[in-house]
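Q: I would like a close look at one part of this model, a loop and the backbone within it, followed by a careful walk outward to other parts of the chain.

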Amino acid sequence: MAATAAAALGIAVYDAAAASKQQSRMEEEIAQLREELNEKEQRIQELEDRTADDLQVYLPDRLYVAEGRTLELYNSQVAFSGMPDEYSFNWVCDIGKNLERKYQVYGSEDQIGEHTLTLTIYNSRLEPVYEKDTVLEVTEASVRQPVKILNIGDSLSDSAPWYEEVASLAGGQITFVGTRGNEGLMHEGRSGFSICDYLTETEYVYGGEGVQPFYNPGTGGFDYSYYKEKTGVSPDVVQIFLGKNGMSLDYEPGIAWLEEMVNNIRETDPDIPIYLVQTIYMGGQDGIGNETDAKGRSALNGWWKLEEDKKVFLWTEAMEAAFGSMDGVYLIPAALAFDSEYNFRASIEPVNARSSRNEAVLMEGMHPDTEGYLQLADLFFSTYCGTMK
């Protein structure tokens, strides 16, 4: 009897120990499974983060359109996204039109004054992911006193058609000054120049003009006072239209160089208005690919549209952050209001080498056609009318 009880107790103890070991193994297996699950979830999250769409939006706090001019804001340039088709844009205002690829408003006399323009962006589930109100000001089409503007730029302002158009729209109230160009339409635009070129001892090879006139050999840098003394040019307004040449995803050096220019101008003329043009987006990939050099070879080999768009978007945002709240500095949002889809030279070409069917193909992606420059003139003139009161 005692032996039987002892045996039973032994079995019970063994069963308890076995159960304890089994429970420990199960707990270890569960812990291991949880760890593996956590690792999988982490890997999934990393993949989602890596492939998640990057929606960024830039819309200024105030926009201008002059009476008789048209302002257009292009959806694909107001917002940057790797998957733009996933989003829908809804522009709401008591004036203007909410169109498929843009907001469009024509300034008329009965609309003069401030209006609230609201942009809401929705994802594919009809959920709002962005919303902002901005002031849209319709202004009189006039600059009330004569103004001399000095524009410093690259090829986009090297005797470009927008000078003459702005002067015409202003009825002679605006003249452009500088050392290059024609009487009344002078400028400091140099094809191929970057911001850095204006800060250094850089020769303008294309024009055969020697070292650019803002470089002071005594100080070793950009010197607006030296420029005025050397050239005799004395403007009422300075405009800088630079940024595309030398642009990269790392915008910080370029912004620092632009700040150096602005600060130097302000040291000489503390109250002079300064206009900074947020440079335009490039044309589509066909325009980029078809851009050729003097020898007929691809001039932009390795450039691709999405990366170039990202560069311009980041640059535009960075200009707002650096200069948007600076007194007497006015940003002109050409990046948003220039039609990069259609404002470059196009040609009718076969859809493929063997086809008899044709299509319009962009042949340039860097320099606008005449209509593109005229659209810039409308934007410049509207901004001047709204700010030179």
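Which strands lie on either side of the loop that holds Leu126, and what is the sign of its phi?

A: In this predicted model, Leu126 belongs to the loop that runs between strand S8 (113-122) and strand S9 (128-139). Its phi is positive, at about 65°, although Leu126 is not a glycine. Most residues other than glycine have a negative phi. The side of Leu126 that faces solvent can be judged from its relative accessible area of 69%, and because exposed residues are those over 50%, Leu126 counts as exposed.

A second residue invites the same kind of reading. Ser159 also has a positive phi, here about 55°, and is likewise not a glycine. Ser159 sits in the loop between strand S10 (147-153) and helix H3, and with 48% relative accessibility it is classed as partly exposed.

Beyond that loop comes H3 itself, covering residues 162-169, which packs with H10 at an angle of about 45° and with the two axes 8 Å apart. That angle makes H3 oblique to H10, and the crossing of H3 past H10 is right-handed. On the H3 side the contact is made by Trp162, Glu165, Val166 and Leu169, while H10 contributes Tyr373, Leu374, Ala377, Asp378, Phe380, Phe381 and Tyr384. Sorted by class, the residues of this contact comprise 9 nonpolar, no polar and 2 charged.

Two of the residues in that contact, Trp162 and Tyr384, reappear in the largest nonpolar core, which has 91 residues and in which Leu73, Leu136, Trp162, Ile240 and Tyr384 touch the most other members. Helix H10 (residues 370-387) gives the most to this core, with 8 residues. For Leu73, leaving aside neighbours within four places in sequence, the contacts are Leu59, Leu63, Val78, Trp91, Arg101, Lys102, Tyr103, Leu117 and Leu336.

One of those contacts of Leu73 is Trp91, and strand S5 (residues 88-92) also holds Ser88. Ser88 is partly exposed, with a relative accessible area of 44%, and, not counting residues up to four places away in sequence, Ser88 touches Thr120, Ile121 and Tyr122. Ser88 and Glu27 are 61 residues apart in sequence, and their C-alpha atoms are 50 Å apart in space.

A further loop, between helix H4 (195-199) and strand S14 (215-216), holds Glu201, which at 55% relative accessibility counts as exposed. Leaving out residues up to four places away in sequence, Glu201 touches Val211 and Tyr215. The C-alpha atoms of Glu201 and Pro217 are 7.7 Å apart, with their positions 16 residues apart in sequence numbering.

Another helix pair can be described in the terms used above for H3 and H10. The axes of helix H6 (residues 252-268) and helix H8 (residues 305-323) come within 10 Å and cross at roughly 40°, which makes H6 oblique to H8, and this crossing is right-handed. Gly254, Ile255, Leu258, Glu259 and Val262 of H6 meet Trp315, Ala318, Met319, Ala322 and Phe323 of H8, and by class the contact has 8 nonpolar, 1 polar and 1 charged residues.

Conventions. Residues numbered from 1 in each chain as written. Predicted model: local features only at pLDDT ≥ 70, side-chain atom pairs only at ≥ 80, totals over all residues. Heavy atoms only, no water. Core = buried A, V, L, I, M, F, W, Y, C linked by side-chain atoms within 4.5 Å. Buried < 20%, exposed > 50% of the residue type's maximum accessible area, 1.4 Å probe, protein only. Helix = DSSP H or I, 4+ residues; strand = E, 2+ residues; numbered from the N terminus. Contact = heavy atoms within 4.5 Å. Axes fitted to C-alpha atoms, helices over the stretch in contact; angles between N-to-C directions. Parallel < 35°, antiparallel > 145°, perpendicular 65-115°, else oblique. Left-handed = near helix turned anticlockwise from the far one by under 90°. Nonpolar A, V, L, I, M, F, W, Y, C, P; charged D, E, K, R; others polar.
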